[in-house]
Amino acid sequence: MKVTVDANVLIRAVVRDDKKQAQVAAGLLKRADVIAVTLPCLCEFVWVLRKHYGYARQDVVAAIEALLAVSNVQVNRLAVDAGLAVLSAGADFADAVIAFEGKWLGGESFASFDKRAVAVLTKQGVQTQLLH
C-alpha cells in the first residue's frame, strides 16, 4: 500500500493523545510500503506541535528527523532540510519551505513583513526583501 498521510495521522502517531487513533495511525504507517509526506502536511505538523501542543523547536526537529529516518517515508528532502535549518535557527519551518519552493518556481527573492523570517533566511543565504 502506498499512502499520502494527512498531518493528523502524524500528530496522532507522535503525540499519542488519543489511544485509539494513535493505534490506527501506527498500524497504517507500519503497513504502508510508501508513506508520502507532502510539504503542506509537514508545515501543518510543525504548526500543530508548536502551537497546540507546545513542543519546543528542538523536539519538533527531532520528530521530523525521526520521520525522515524511516525507510518508506518519501519527502521533498531538499525543501525539508531547508525548513529544518530555519526552524533550528529560530524561525518558521513554513517560511523556509515557501522560500525554497518559490525559488524553484522562479522567484528571485523571498518577500515578507516577518522580520525574524527575513533575518534567518538571509543568514541561510536566501535572497530576501523585508517589506515595511
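## A walk from a cysteine to two pockets

Start by selecting C41, which counts as buried, at 4% relative accessibility (buried means under 20% relative accessible area, exposed over 50% and partly exposed in between, with a 1.4 Å probe and protein chains only). You are looking at a predicted model, where local features need pLDDT of at least 70 and side-chain atom pairs pLDDT 80 or more, while totals for chains, interfaces and linings use all residues. Residues are numbered from 1 along each chain as its sequence is written, and side-chain values use heavy atoms, without hydrogens and water.

**Stop 1: the cysteines**

Now add C43 to your selection. How many disulfides does the structure hold? There are zero (a disulfide is a pair of cysteine sulfur atoms within 2.5 Å). The closest cysteine sulfur to that of C41 is in C43, 9.2 Å away, so it is too far for a bond. Seen from C43, the closest cysteine sulfur is in C41, again at 9.2 Å and too far for a bond.

**Stop 2: the sheet**

Switch to a cartoon view and find the open sheet of three strands, whose order is 1-2-3 with parallel pairing. Strands here are DSSP runs of E with at least two residues, helices runs of H or I with at least four, numbered from the N terminus; two strands pair if DSSP finds at least two bridges between them. Select strand 1 (2–4) and strand 3 (73–74): these are the edge strands, each pairing on one side only. Strand 2 (residues 34–36) runs parallel to strand 1, joined to it by three bridges. For a close-up, show V3, which stands opposite I35 in strand 2.

**Stop 3: V37**

Move along to V37, in the loop between strand 2 and helix 3 (39–52). Is V37 buried or exposed? At 4% relative accessibility, V37 counts as buried. Leaving aside neighbours within four places in sequence, V37 is in contact (heavy atoms within 4.5 Å) with V5, L10, L42, L67, V73, Q74 and V75. Try a distance label from V37 to W47 as well: the two are 10 residues apart in sequence and 15 Å apart in space, C-alpha to C-alpha.

**Stop 4: helix 1**

L10, one of the contacts of V37, takes you to helix 1 (7–15). Colour A7, V9, L10, I11, R12 and V15, which are buried in this helix. Helix 2 (19–31), helix 3 and helix 4 are among what covers the buried residues of helix 1. Just after helix 1, pause at R16, which takes a positive phi of about 60°.

**Stop 5: the second largest pocket**

L10 also belongs to the lining of the second largest pocket, together with A13, V14, L29, I35, F45, A63, A66, L67, V70, N72 and V73. Helix 1 and helix 4 (57–68) are the elements that give two or more residues to this lining. By class, the lining has 11 nonpolar residues, one polar and no charged.

**Stop 6: helix 6 and its surroundings**

Finish by selecting helix 6 (93–104), which, with helix 5 (77–88) and strand 4 (110–112), gives two or more residues to the lining of the largest pocket. Which element gives the most to that lining? Helix 6 does, with six residues. To end the tour, show N72 once more in the lining of the second largest pocket, and C41, the buried residue where you began.

Technical notes:
On a 1 Å grid over the protein atoms alone, a cavity is a set of points where a 1.4 Å probe fits but cannot get out, and a pocket is an open set with protein on both sides within 12 Å along at least five of seven lines; lining residues have an atom within 4 Å of a point. Ala, Val, Leu, Ile, Met, Phe, Trp, Tyr, Cys and Pro count as nonpolar, Asp, Glu, Lys and Arg as charged, and the others, Gly among them, as polar.
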